[in-house]
Structures are given as C-alpha cells and as structure tokens.
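Trainee: I should like to examine how the interior and the side-chain pairings of this model are arranged. May we take the topics in turn?

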Amino acid sequence: MLKLVLANDEKEISQKAYEIMEQEINSKDDVTLGLATGSSPEGIYELFRTKKPKTNHVTTVNLDEYLGLEGTHPKSYRHFMNEKLFNHLPFKETFVPDGAHPISGEEAAKEYDAILNDHPVDLQLLGIGENGHIAFNEPGASFDAGTNVTDLTESTINANSRYFKTKDEVPTQAVTMGIASILKAKKILLIASGEKKAKAIKELIELAPTETMPATALKNHPDVTIVVDKKAASLLNEKQLKQYSKMSS
C-alpha cells in the first residue's frame, strides 16, 4: 500500500523522513535500518548528527556500493556513510556491500544476502532515479533478484558523474540489493524532491508493477510511505493526491 506524504521543500522532506525513522528506532530494543546514499538523504543524516538519537541498538544495512572501490576510497559509499553518519553516532553494527571483494562481486553479493538474512530490515530508506531505479536496480531488473552485480546505465553514470572529477572515473558496475531483497523490509520509506523526479513519481503512482519501471515493485509491498515535495508531486492530479495522501502540509 502506498501512502503519500507531501512536503513544501527538500528541507521538510528530510524533517518528515527523519521523524518517521526516529519513531522506528524508538519503537523497540533491536532495530535494523536500511540506508541509502546520494544527495537525497543528506538532510536526514544531518538531522541525525544534530539531534543525536540513541542508536546503540540500531544495526544499519546499506543498499549498494560501487564495484571496484575500497571502502576507504573517497567516492565509495562506505566512505560517504562514514563521513555523513557512522562517524558521528554509536551504531550497533553497520554494513555496506563489499565493492572490492577479494574473490568477486558475485561472492560479495552472496555474503551480503547472508547478512540481510541475519538482520531483517525494519525500515528501508530509498531514493528514486529519474528512470525509476531504486538502489542500482535499473529498468529491466528482475523483481525476484536478491543482492547482485549490475551494470549501470548511461543515465545513471551521467547523474553520478557530478561526484567525480570526470565521467570516466565513475564505476560502471555496482553491488546492489535486489528488488526482492528490498521488498523483504517490514516498512519502506521513499523520498524524492524536485521537478526531475516528477515523471518517476507519476509513473510509480500510475503504472501497474512492471520491470521496465523498477520502483513500481513497491506496489507489491504492504507498507510504503513516499515523502515528496510539491515539485516532485507536480505531475499528479488532484484525484491522485487525494487518494494517496495521508498527511500533508
């Protein structure tokens, strides 16, 4: 079931998403959060750093990692998470896929699925790509896939090139939680802001589940909250907004 939460801007998205995550980590003595990287969740992690909720009982599992990058590489997702969150709060355990596995990416994927089986996710945070990808599950990704090695599309490489000196430095593959892995989470929280995400949000709301638009797999999940600003929701009509909005501002 999809629930739409409307925010005025990106700052309010971060605030609303943080409140949902804080409620989850305060709900019981042992919690596992699924986390995401990129620009979308940075405001949420800033709130974690400033508000400093109790996290000693919280285990985290991240969605993905570039294949070929050590965790110490400044552009790796492990490094991003250390800088933005893990170095600032005392989490119980933190897991990020091993992008530089000594054997292979496929072995890293197998090992990560074992970690996910041992640490079932209570709440999974997601962003969404302009083409509808979630984590690094690009259009055409199987809804039945667990953690896997995937080739990044040209559009995703272009979008991520802003984090590197040149486009040629962007890795072309990643180890990513598969859609089946993501859907095992008890709750899912997806955030999106800006006009560039409006088409993806419109298709997520309107389309039946289809592998050509990975995020539509979320319609197969019983508890999905989507927090968007007005620009990201700009292509939705009044009927859709009324049908899916449970809270608004």
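The exchange below concerns cores, aromatic pairs and salt bridges.

Mentor: Please note that this is a predicted model, in which local features need pLDDT of at least 70, side-chain atom pairs count only at pLDDT 80 or more, and totals for chains, interfaces and linings use all residues. Residues are numbered from 1 along each chain as its sequence is written, and side-chain values use heavy atoms, with hydrogens and water left out.

Trainee: Which helix gives the most residues to the largest nonpolar core?

Mentor: A nonpolar core is a set of buried Ala, Val, Leu, Ile, Met, Phe, Trp, Tyr and Cys residues joined through side-chain atoms within 4.5 Å; buried means under 20% relative accessible area, exposed over 50%, and partly exposed in between (1.4 Å probe, protein chains only). The largest such core has 39 residues, of which L190, I226 and V228 touch the most other members. Elements that each supply at least two residues include strand 1 (2–7), strand 9 (187–192) and helix 7 (198–206), where helices (H or I, at least four residues) and strands (E, at least two) are DSSP runs numbered from the N terminus. With four residues, the greatest contributor is helix 7.

Trainee: What is the angle between the ring planes of Y18 and F48?

Mentor: Rings of Phe, Tyr and Trp (its six-membered ring) pair if their centres lie within 6.5 Å; planes under 30 degrees apart count as stacked, over 60 as edge-to-face and the rest as tilted. Y18 in helix 1 and F48 in helix 2 are 30 residues apart, and both are buried. Their centres are 5.0 Å apart, and the pair is edge-to-face, with an angle of 85°.

Trainee: Which residues form one aromatic cluster with Y66?

Mentor: Y66 and Y77 form a tilted pair, 4.8 Å centre to centre and 40° between the planes. Y66 lies in strand 4 and Y77 in helix 3, so the pair ties together parts eleven residues apart in sequence. Y66 is buried at 1% relative accessible area, and Y77 is buried at 11%. The cluster joins Y66 with Y77, F136 and F164.

Trainee: How far apart in sequence are the parts that D223 and K3 tie together?

Mentor: A salt bridge is a side-chain nitrogen of Lys or Arg within 4 Å of a carboxyl oxygen of Asp or Glu. D223 and K3 form one, their closest N and O atoms being 3.1 Å apart. Since D223 lies in the loop between helix 7 and strand 10, and K3 in strand 1, the parts tied together are separated in sequence by 220 residues.
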